[in-house]
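Me: I would like to learn how to read the strands, helices and buried side chains of a model like the one below. Could you take me through it feature by feature?

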Amino acid sequence: MKILLIEDEAKLVSIIQRDLTAEGHEISVALDGTTGLDMAIKMDFQLIILDIMLPGINGIEVCRRLRQANQNAAILMLTALGTTENVVVGLDSGADDYMVKPFSLAELNARIRTLARRNSNLTQPANVIQIADLVINGDEKSVKRGDKTIDLTATEYRLLEFLAKNKNHMLSRIEILEHVWNIDFNMGTNVVDVYINYLRKKVDKDFDNKLIHTVIGMGYILKNNAA
């Protein structure tokens, strides 16, 4: 893969660059957010590994600007900021994955392989999923409920689509983490619960027929109770 590493810690850059080059990847490096943003927009990368705390423009803003510019490269945030709030902000800014320092090179390579597989499937056609008056168009990545168009972030969309593809089946938090984020968060985090609440506000709040349900102590299920 053609990878852009945006990281200002020289020692870490050297370690990552050496390892990923040995894995057969083509690595370019930017030591600050401004340079990294410029390179990411002007050059063609399949993956961007992005620190948050950077000189110039911080990683969150770099990620937001790349998504606003319709840059479709996978973005992996690699940062020392590991609270639930940090993770949510990072994913909401458009990142596909989030790793907390310190990390192992083996895990980094596993995350990269996962993102490569995910991106290779983006061009495959997806079916329309309908549950009650909720319609999810996988080709357009659009969501409607009745006549209302629902605007979702990329992470919210992946979560809703996963719930819909498994309608009427209870999904544990671990299953959701593994399939929606393709990562293994510390189970003390409440990232899943945070995003479920986001979805409920957008998908269920203004409708009498609630589709997203909590199975207490176990997980979540998407089902049509009015059926």
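Reply: Let us begin with a single pair of residues on neighbouring strands, where Thr 79 stands opposite Val 100 in E5. Please keep in mind throughout that this is a predicted model.

Me: In what sense, parallel or antiparallel, do strand E4 and strand E5 pair?

Reply: Strand E4 (residues 74-79) and strand E5 (residues 97-100) are paired in the parallel sense, and four bridges join them. With helix H4 (residues 84-92), these two strands make up a β-α-β unit, which is right-handed.

Me: How should I read the side of a helix that is turned inward, and which residues of H4 are buried?

Reply: The general idea is that an α-helix has 3.6 residues a turn, so residues three or four places apart point the same way. In H4, the buried residues are Val 87, Val 88, Gly 90 and Leu 91. Because these buried residues fall within an arc of 165° when one looks down the axis of H4, they line one face of the helix.

Me: What covers the buried residues of H4?

Reply: The cover includes E4 and E5, together with helix H3 (59-68), H6, helix H7 (173-181) and H8. Just after H4, you may also note Gly 94, which takes a positive phi of about 120°.

Me: In what order do the four strands of the open sheet with E6 come?

Reply: The order is E6-E7-E8-E9, with antiparallel pairing. Strand E6 (128-131) and strand E9 (148-150) are the edge strands, each pairing on one side only, and from one strand to the next the twist averages 20°. Between E6 and strand E7 (residues 134-137), which run antiparallel, there are four bridges, and Gln 130 is found opposite Val 135 in E7.

Me: Which strands does helix H6 lie across?

Reply: Helix H6 (residues 154-165) lies across E6, E7 and E8, and runs at about 110° to E7. Helix H8 (residues 191-204) also packs on the sheet, where it touches E7, E8 and E9, and its direction makes about 165° with that of E9.

Me: Is Thr 155, which belongs to helix H6, buried or exposed?

Reply: The way to decide is to compare the relative accessibility with a cut-off, since buried means under 20%. Thr 155 therefore counts as buried, its relative accessibility being 0%. Not counting residues up to four places away in sequence, Thr 155 touches Leu 91, Ala 95, Val 180, Trp 181 and Tyr 195; Leu 91 is also one of the buried residues in H4.

Me: And what about a charged residue such as Arg 145 in strand E8, is Arg 145 buried or exposed?

Reply: Arg 145 lies in E8 (residues 142-145) and counts as buried, because its relative accessibility is 1%. The side chain of Arg 145 makes a polar contact of 2.7 Å with the side chain of Asp 133. Leaving aside neighbours within four places in sequence, the contacts of Arg 145 include Leu 134, Ile 150, Val 203, Asp 204 and Phe 207.

Me: Which strands are at the edges of the sheet E10-E12-E11?

Reply: In this open sheet of three strands, where the pairing is antiparallel, the edges are strand E10 (171-172) and strand E11 (212-215). Four bridges link E11 to strand E12 (residues 219-222), with Thr 214 opposite Tyr 220 in E12. H8 lies across E11 and E12, running at about 145° to E11.

Note on methods:
Residues are numbered from 1 along each chain as its sequence is written. This is a predicted model: local features need pLDDT of at least 70, side-chain atom pairs count only at pLDDT 80 or more; totals for chains, interfaces and linings use all residues. Side-chain values use heavy atoms; hydrogens and water are left out. Buried means under 20% relative accessible area, exposed over 50%, partly exposed in between (1.4 Å probe, protein chains only). A polar contact is a pair of N or O atoms within 3.5 Å; within protein, one must be able to donate a hydrogen and the other to accept it, and residues adjacent in sequence count only if both atoms are side-chain atoms. Contact means heavy atoms within 4.5 Å. Two strands pair if DSSP finds at least two bridges between them. Axes are lines fitted to C-alpha atoms, for helices over the stretch in contact, and angles run from 0 to 180 degrees between N-to-C directions. A crossover is right-handed if, with the strands pointing away from the viewer, the path from the first strand over the helix to the second runs clockwise. The arc is that of the directions from the helix axis to the C-beta atoms.
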